[in-house]
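Okay, thanks everyone for squeezing in. I have one structure to walk you through, so let me put it up and we can go through it piece by piece.

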Amino acid sequence: MSVFQNQNQITQGPIKGGLSAVPNPSTISVQVTTASSNTFYAATAVKLISGTANTILVEKAAATEQIFGFVIVNPKKPSHVAGGKMEVALAGSVMEMESGAAISRGQMVEIVAATNTVIAWAGVNTACGVALDSAAAANALLRVLIRTVAEYSSSSSSSSCRSSSSSSSSSAT
């Protein structure tokens, strides 16, 4: 689904990879590793990788990997390649994403890396957020509250974004 809008029009409609004003988005500048053979578009999921650069290096994330964030739409540069710099939305941001199937409001979602879309979380791949809107079918735009495994990695509890229910049995002493 491609939506093209004039940047000078008075009211912008929702666009894939765009951020919602509420809550305030948490973003960071990153660089695509020079070894990457992928092209990054708006709403592409990225993961952190190691390297010797002075910048934060990322690569495209697979559906089963820990997701660091999602590429934010840039009207002046719609795609990014190896060595390119881009902005990424982190956990807590609300992003317009494209559905790969029907999704109900409140459902946890996972990415389909091949198409840069989201579908209802099936419990196998990494959950990456919560649908704030419903999508009746594929190719619909919906707002997703980004939730990543990385935001839970420093937590002392055993819960993670992959779990659909929290467990408190491990914290009892």
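Let me start with one pairing: E110 has I119 in β8 as its bridge partner. This is a predicted model, by the way, so keep that in mind throughout. The strands behind that pair are β7 and β8, where β8 covers residues 117–120, and they run antiparallel with four bridges joining them. Between the two strands of this hairpin there are four residues. Now look at N116, which sits in the loop between β7 and β8. Its phi is positive, near 55°, and N116 isn't a glycine. Is N116 buried or exposed? It's buried, at a relative accessible area of 14%.

β7 has another partner, too. It pairs with β9, again in the antiparallel sense, over three bridges. If you want a residue to click on there, take M108, which stands opposite V130 in β9.

While we're on backbone angles, there's another non-glycine with a positive phi: A43, at about 70°. You'll find A43 in the loop between β1, residues 27–32, and β2. A43 counts as buried, with 6% relative accessibility.

Okay, the barrel. Which strands close into it, and in what order? There are five, and going around you read β1-β3-β2-β4-β5, with mixed pairing. On average, neighbouring strands of this sheet are turned by 55° against each other, if you ignore direction. Zoom in on one seam: β4, residues 69–71, pairs with β5, residues 85–89, antiparallel and over two bridges. V71 is opposite V88 in β5 there.

Hang on to V71, because it leads to the next residue, H80, which has V71 among its contacts once you skip anything up to four places away in sequence, and which counts as buried. H80 is in the loop between β4 and β5. How accessible is H80? Just 3% in relative terms. The rest of its contact list, with those same sequence neighbours left out, is N38, T39, F40, K85 and M86. K85 shows up in another way as well: the H80 side chain reaches the K85 backbone oxygen at 3.5 Å.

Another buried one is M97, with a relative accessible area of 2%. That residue is in strand β6. What does M97 touch, leaving aside neighbours within four places in sequence? The contacts are F70, V118, A140, L141, L142, V144 and I146. Also, M97 and A42 are 55 residues apart in sequence, while their C-alphas are 8.8 Å apart in space.

Last topic, charges. As a reminder, side chains of opposite charge can pair when their charged atoms come close. How many salt bridges does the structure hold? Three.

One of them is K47 with E65, at 2.7 Å from N to O. K47 is in strand β2, residues 45–48, and E65 is in the loop between β3 and β4, so this pair links distant parts of the chain, 18 residues apart. E65 is partly exposed, at 25% relative accessible area.

Then there's D133 with R105, where the closest N and O atoms are 3.8 Å apart. For the force-field people: the cut-off here is 4 Å, so 3.8 Å still counts as a salt bridge. D133 is in the loop between β9 and β10, and R105 is in the loop between β6 and β7, so the pair ties together parts that are 28 residues apart in sequence. The two ends sit in quite separate classes: D133 is buried at 15%, whereas R105 is exposed at 57%.

D133 also meets R143 in a salt bridge, at 2.8 Å from N to O. R143 is in strand β10, and it's 10 residues away from D133 in sequence. R143 is partly exposed, with a relative accessible area of 32%.

Put those together and you get R105, D133 and R143 linked in a network of salt bridges. That's what I had, so let's take questions.

Notes:
Residues are numbered from 1 along each chain as its sequence is written. This is a predicted model: local features need pLDDT of at least 70, side-chain atom pairs count only at pLDDT 80 or more; totals for chains, interfaces and linings use all residues. Side-chain values use heavy atoms; hydrogens and water are left out. Two strands pair if DSSP finds at least two bridges between them. Axes are lines fitted to C-alpha atoms, for helices over the stretch in contact, and angles run from 0 to 180 degrees between N-to-C directions. A salt bridge is a side-chain nitrogen of Lys or Arg within 4 Å of a carboxyl oxygen of Asp or Glu. Buried means under 20% relative accessible area, exposed over 50%, partly exposed in between (1.4 Å probe, protein chains only). A polar contact is a pair of N or O atoms within 3.5 Å; within protein, one must be able to donate a hydrogen and the other to accept it, and residues adjacent in sequence count only if both atoms are side-chain atoms. Contact means heavy atoms within 4.5 Å.
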